[in-house]
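Please look through the sequence and the model shown here before reading on. The paragraphs that follow go from the chain as a whole to its interior, then to its cysteines and its pocket.

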Amino acid sequence: MAQALVVVCDVCGLPAVETVSLKVSARSYQKDVCQKHLDEMIQGARAPRRGRPRTKSAPVLTGTKVAAKRKTSAKRKTSAKRKTSAKRTARKKAS
């Protein structure tokens, strides 16, 4: 006497084609679905991406006082470093 295991769709009761894993609010679920319900689930789905999720970046401020201040302060820091290193080399040569 042989026995057969038939997996049925959790939604409608037809024979299941696929077992789908879902993750909602840090909880994992599995559902057996038929081809009709599988097509409905895939219709609006997207493929997962590797790495961190993309976030909206802050808008770049151009032509404003804030952006101008950032650029000038960065230039001042690099030019101040150059002046300091030039003074050190001049002192070493003089000694």
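What percentage of the 95 residues in the protein chain do buried residues make up? In this predicted model, buried residues come to 8% of the 95 residues in the chain. The secondary structure consists of two helices and two strands, and, read from the N terminus, these elements follow one another in the order β-β-α-α. Among the contacts in the chain with a separation of 6 or more, 14% are accounted for by residues that stand 24 or more positions apart.

The interior can be followed by starting from the largest nonpolar core, which has five residues, namely C9, V20, V33, C34 and L38. Of these core members, C9 counts as buried because its relative accessibility is 4%, where the limit is under 20%. L38, another member of the core, is in contact with E18, V20 and V33 once its neighbours within four places in sequence are left aside, and two of these partners, V20 and V33, are themselves listed in the core.

Helix 1, which spans residues 35-43, contains H37. With a relative accessible area of 12%, H37 falls under the 20% limit and is therefore buried. Leaving aside neighbours within four places in sequence, H37 is in contact with C9, V11 and C12, so that the core residue C9 is one of the contacts of this helix residue.

The cysteines deserve a separate reading. A disulfide is a covalent bond between the sulfur atoms of two cysteines. How many disulfides does the structure hold? The structure holds zero disulfides, and for C9 the reason lies in distance: the closest cysteine sulfur, that of C12, is 3.8 Å from the sulfur of C9, which is too far for a bond because a disulfide requires the two sulfur atoms to be within 2.5 Å. C12 is likewise in no disulfide, and the nearest cysteine sulfur to its own, that of C34, is 3.7 Å away. Whereas C9 is buried at 4% relative accessibility, C12 has a relative accessible area of 40% and is therefore partly exposed, a class that lies between the 20% and 50% limits.

There remains the largest pocket, which holds about 150 Å³ of space. Its lining is formed by R46, P48, R49, R50, G51, R52, P53 and R54, and by class this lining has five charged, two nonpolar and one polar residue.

Methods: Residues numbered from 1 in each chain as written. Predicted model: local features only at pLDDT ≥ 70, side-chain atom pairs only at ≥ 80, totals over all residues. Heavy atoms only, no water. 1 Å grid on protein atoms, 1.4 Å probe; cavity = no way out; pocket = protein on both sides within 12 Å on 5 of 7 lines; lining within 4 Å. Points joined across faces, edges and corners; volume = space filled by probe spheres on them. Nonpolar A, V, L, I, M, F, W, Y, C, P; charged D, E, K, R; others polar. Helix = DSSP H or I, 4+ residues; strand = E, 2+ residues; numbered from the N terminus. Buried < 20%, exposed > 50% of the residue type's maximum accessible area, 1.4 Å probe, protein only. Contact = heavy atoms within 4.5 Å. Core = buried A, V, L, I, M, F, W, Y, C linked by side-chain atoms within 4.5 Å.
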